[in-house]
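Dear colleague,

I am passing on the structure that I have been looking through, and I would be glad if you opened it beside this message while you read.

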There are 4 protein chains.
Amino acid sequence: MIVKMRKGARPEDIQAVEDKLHELGYQTGKLVGTEIVLIGVYGDVSQLPVGEIQEMAGVDELIRISRAYKRAAQKGDPTDRRYVHFPVGNVMIGEDLVVIAGPCSVESERQIMEAARMVKEAGGHILRGGVHKYRSSPYSGWEGVGADSEESLRRGLEWIVKAGREYDLPVAVEILDHTKIHLYEDVGVDCLQIGEPNSRNTVLLNALRETPLPVIHKRANSLDCEAYLLWTERMMTTGKENIILCERGILGPNKYTRNTMDLGTVAAFYYQLTGLPVAVDASHGTGRRDLVHPMTLAGIMAGASVILVEAHPNPLIAKSDGYQALFPEQLKNLVEAAHIVWDVRRKTDALYQPSVVFEPQYEKRVEADRKRFFG
Amino acid sequence: MIVKMRKGARPEDIQAVEDKLHELGYQTGKLVGTEIVLIGVYGDVSQLPVGEIQEMAGVDELIRISRAYKRAAQKGDPTDRRYVHFPVGNVMIGEDLVVIAGPCSVESERQIMEAARMVKEAGGHILRGGVHKYRSSPYSGWEGVGADSEESLRRGLEWIVKAGREYDLPVAVEILDHTKIHLYEDVGVDCLQIGEPNSRNTVLLNALRETPLPVIHKRANSLDCEAYLLWTERMMTTGKENIILCERGILGPNKYTRNTMDLGTVAAFYYQLTGLPVAVDASHGTGRRDLVHPMTLAGIMAGASVILVEAHPNPLIAKSDGYQALFPEQLKNLVEAAHIVWDVRRKTDALYQPSVVFEPQYEKRVEADRKRFFG
Amino acid sequence: MIVKMRKGARPEDIQAVEDKLHELGYQTGKLVGTEIVLIGVYGDVSQLPVGEIQEMAGVDELIRISRAYKRAAQKGDPTDRRYVHFPVGNVMIGEDLVVIAGPCSVESERQIMEAARMVKEAGGHILRGGVHKYRSSPYSGWEGVGADSEESLRRGLEWIVKAGREYDLPVAVEILDHTKIHLYEDVGVDCLQIGEPNSRNTVLLNALRETPLPVIHKRANSLDCEAYLLWTERMMTTGKENIILCERGILGPNKYTRNTMDLGTVAAFYYQLTGLPVAVDASHGTGRRDLVHPMTLAGIMAGASVILVEAHPNPLIAKSDGYQALFPEQLKNLVEAAHIVWDVRRKTDALYQPSVVFEPQYEKRVEADRKRFFG
Amino acid sequence: MIVKMRKGARPEDIQAVEDKLHELGYQTGKLVGTEIVLIGVYGDVSQLPVGEIQEMAGVDELIRISRAYKRAAQKGDPTDRRYVHFPVGNVMIGEDLVVIAGPCSVESERQIMEAARMVKEAGGHILRGGVHKYRSSPYSGWEGVGADSEESLRRGLEWIVKAGREYDLPVAVEILDHTKIHLYEDVGVDCLQIGEPNSRNTVLLNALRETPLPVIHKRANSLDCEAYLLWTERMMTTGKENIILCERGILGPNKYTRNTMDLGTVAAFYYQLTGLPVAVDASHGTGRRDLVHPMTLAGIMAGASVILVEAHPNPLIAKSDGYQALFPEQLKNLVEAAHIVWDVRRKTDALYQPSVVFEPQYEKRVEADRKRFFG
């Protein structure tokens, strides 16, 4: 943390800030510029009374110089990077490509059973399906088979778990209510999902840090990529690590697509900022069945190792979001294509060189190049 | 709802769509253009199986032509507009200007008592203060006096209610957990607040439609103004009407202010779209104490009848968001200024004429004016 | 400028950066933290070869700590603030409220003459009207009377200048083509306007720094408020100061309004960042005639001293943007209301106190307050 | 176009609108719903006086139902899709993958000559380099070798053309000033580029429709994808077709990357909306050299057939944007990887099936599936 003093701050103001910081137990250093004085605060500043310092006479602003998330980062330098691996049921996340597919919502026992078969036949690894749904309109007439009561929720969860067991697929289900976590665990759900509108739901995130189940944490559509990591970090303060990040579209200028997929953040997460596995959800990211294929593949190319895809045995009668659900044949083709792209990324990753390896050799040439180019 | 058929759709495709709609019990009409056929669907389409229609052969897209929110609108035409009025404690909302002020968080019994006195002395009407707080970082070290347990939550609520009673101020407190609504009611909180990160929390909104307490519903920073009304509408399906809309800043291009206050939406809500009272929260909207004053006043001018302002007996030692809390003297001055602006808006509203009154007279002049201008 | 070294940077890397900076003629200082070393660079860093430093071994990032715009700021500290005043024709900008009004486009000699009378009768000060227009579609069929040739441009300009002279109103006209500046000057236009799509047009901005005419510089809808000042600054490098900033709406989540008016930036500009006069254009900011009234008034309350309003003698036959043009009676009422609000802002400004005056007294009370609140 | 009448519009209002439309030469149709009447307007509505209709008594809003851009679309139905192919120098665009690479700016004759060699050796097809640059700050100290005068501009252009000829690479150079198009043509530039800040520069776009040279049109960072096509369309009204669309990042919530790459729009353009070739510029899209590799590859996967990449013989001494320029070895590796991905996309495209082929078979199963799923 750096405390930047105002131009014209008096020596006694500067002294007062240093005294205050020492009193609070921090060590400091000072940079005296021609116009501005900066005071560096050393050590862990997470408990620093920021507001109080900010208000002291002569203080201009506080500049944070280290990243606020620590556990999500899983690394200091690129060289000591540690990627996290963990199982969802019997499927390992963070190693090979993992396909999570299924309908927007569990609509009946038979429907989810057929959906599970569809996912299995297409080569998917994990079955997804919502039991209690988010809907933006209270008049949609459908909030999931589990919306009405604890019994209906349990029954819906049992249907999807049964379907998953039948086809040897772990199941992932969105959770809306923190008081229901134990129910999900009891019924045998293998993975919980935090939906986009709940991305910053403190109570839910706090409760989830206690569950042993892995969690898919969808990014809120207005969150800066690093701010999002900080919300994820909230679940990790207990040491929990089995979390999948998920990009599903941000707010952008387009009307043609439902959201704007931010694959640059996927690349930043995978190649630079975090060791957590990254998923892409092109179904919500585009909101159009006819764009799910290319955008899922682009997502893998950008760094995703998990893909979330909505698919339905017959999207024409889906009770929600049918327009973005793939037909079974489309899912099959997409999974096949996804594996092709995944294999290719290993080759292209071998060709991806962080710039740092080139710097020393070019640094040595700076003077010669400058002379050659500019005389 | 209009079903737009593709250019080149076959007559049998068009017939099939009409048949399907009739079978579903809808009446239809048809517009046969030179290139495109449109099928109009009459009546209440809230239960229309949109996905299924969208997928039928020859269908291009479905165009919604009426507003999805009904209760929040409180009106059909501007002429039969109905504004909602309701009490928060003994304070009437929707008539005169109402000032809701107080610290970001209740920090101690003494602190909130002094805060209440400050609010009363400044001329505020309702005391606000958070007991369990949202924080974007899990390392902030402060999530409110009520963060740890149900007892601590109850104690924090009791403090602020006691402070409110002492100074005859109803109290408004943010609620994060739907299982705690009864606790808030029991302790005597007068108004509940839904924070911005919870703006689309289905479980919380669903639970709140059962409480008799008024609710301040903050707008999520990425929500289109009409989509926001639809989330508010979720609380109104039971007939609940005592809801205050609140603009507190959206995602925009600026770094200088914490958020971007969208006062155009305040004006659209008050003058056109809804009969619910509209609040502005310039503390979060700007995130800077030094901009709260002008932006609160601008908010009143745009149509707000409720202002939310963070203030603290001594912001220098505030445990959260001190940088956006007003000093007591600033609050006093702002309340005085707010009343001046409020009085002025009555005058300026008398000068505000919806264009509709001018149309007939100008319509009559169209030909003459056209001749005069363009010969 | 601060050079932040990576965690684990070697002493020789740090030394190399310092050597390089000294070699480039800069003085430096150093903050050696527990994990990170910061190197401060003193003096004017506008010529610092940022890229080269950034690439040196061990460098993490460069942190800029002073504002990049200087002339637009017109001030160092709030205390030595200097507001700019200058004339547009015979109208003084930066003192009293100034109303710039007129049709989106000059459509005929007669139309602009009647528009001028309308503006005069309503109490407006400056007449506006476009002669060569921006249109987002090439098929709009109307790009202004001056779109076709230099002669048509000259004729259109002559019409509006004549209309302005007739009613003693200076005229403001948008300029699209830098090669036409002299034509505008010759014909007698009093003020040039840079439209939103041209906000970052380097060639046009560079050319405008040479004209003695005042310029209205509209903000691009995606520009951060401080980045916008930097584009304005481009015109000021010659010492030019007669520039009016103009907020006319940014990109936001709404569909209901054409753009999102960012009045927080108006407040930041007027009360904090710049001494240049600030205008609001609620016609484009809302894109709806029925919201122009409240949002113009809110803009004045936020800090604007100039208002831009589109109005037309008969908006029903306007060739462009008629839906956002006021009827003559509406303009009259708005100007009357605007003056009322302007007068009120003087009163409310007297009640606006920057927090700095309170800090010393509260700083003194910090310990006592802390003891009182937290025991 | 549909004219939506207000709820409660009087029969005479509806009649008046119909009369007006007939008088203007349009045919109409009518949908009389239970609450709302819609009037359909047939034929080419590009000359419809929208404003006048919008203002008529009883009119609520005008709903546009067909796409406004026509030439950019190059197609009516997906089945009669026509992709455009055209040469840039001797390189064919729209068939195989094309790599456009080079430094941000031409800095000296020697530097661009070495850059050309670098591009050739890496397997690039077209050399890029700016001669007169856009810079957001007037204090950057570097606006390109051609910024000062027509002679310096000519000399800079000659350098890059010479370098291109030497290594058999066509050259692409950004143009800022419409009065200089002939100079670019004379010197032998093979392709012109419109930079992002000029994306909506009417004067420049109008002038470019007359040049035989191909044009790269960068998308403005705040433009909806279809609105962007409409600006491109402006250049096509003369029949011009040799235009490359270019996605280079939009305004989004992130601070970590310079912009947010919108690859969903790339997919929508290539697979659905237009027959024009689509380029991705990950150098500006991410603003970070270390993300250019994965995001360029993701862009190809999303549908791009042209990649723009900034690279420099020694980025450490680049005069502008060095932090986003690749080192020569990185460029080589990226081009190699790009070809691998390009080849793979042919395979994955073969697996991409538009949903339409599945609809009839699933439509037939709707009743049976509904019975099976829901009993």
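Below are some notes on a strand, a helix and a contact between chains.

Please keep in mind throughout that this is a predicted model.

I began with strand S14 of chain C, which spans residues 306–310. Of its 5 residues, 5 are buried, so the strand is largely enclosed by the rest of the structure. The covering applies to both faces, with Val306(C), Leu308(C) and Glu310(C) buried on one side and Ile307(C) and Val309(C) buried on the other.

Two pairings of this strand can be followed in the model. Strand S7 of chain C, residues 98–102, runs parallel to S14(C) and is joined to it by 5 bridges; within this pairing, Val99(C) has Ile307(C) as its bridge partner. Strand S13 of chain C, residues 278–281, is also parallel to S14(C), with 3 bridges between them, and here Asp281(C) is partnered by Leu308(C).

Further along chain C, helix H12, residues 359–374, has a bend of about 50 degrees at Val366(C), and Gly375(C), just after this helix, adopts a positive phi of about 80 degrees.

Finally, I looked at where chain D meets chain A, and found that 69 residues of chain D are in contact with 69 residues of chain A. On the chain D side, several helices each supply at least two residues, among them H3 (109–122), H7 (225–236), H11 (328–350) and H12 (359–374). The residues on that side of chain D comprise 33 nonpolar, 20 polar and 16 charged.

With best wishes

Conventions
Residues numbered from 1 in each chain as written. Chains lettered and ligands numbered in written order. Predicted model: local features only at pLDDT ≥ 70, side-chain atom pairs only at ≥ 80, totals over all residues. Buried ≥ 20, exposed ≤ 12 C-beta atoms within 10 Å, placed from the backbone. Helix = DSSP H or I, 4+ residues; strand = E, 2+ residues; numbered from the N terminus. Pairing = 2+ DSSP bridges. Bend = angle between axes of the 7 residues up to and from the residue. Contact = placed C-beta atoms within 7 Å. Nonpolar A, V, L, I, M, F, W, Y, C, P; charged D, E, K, R; others polar.
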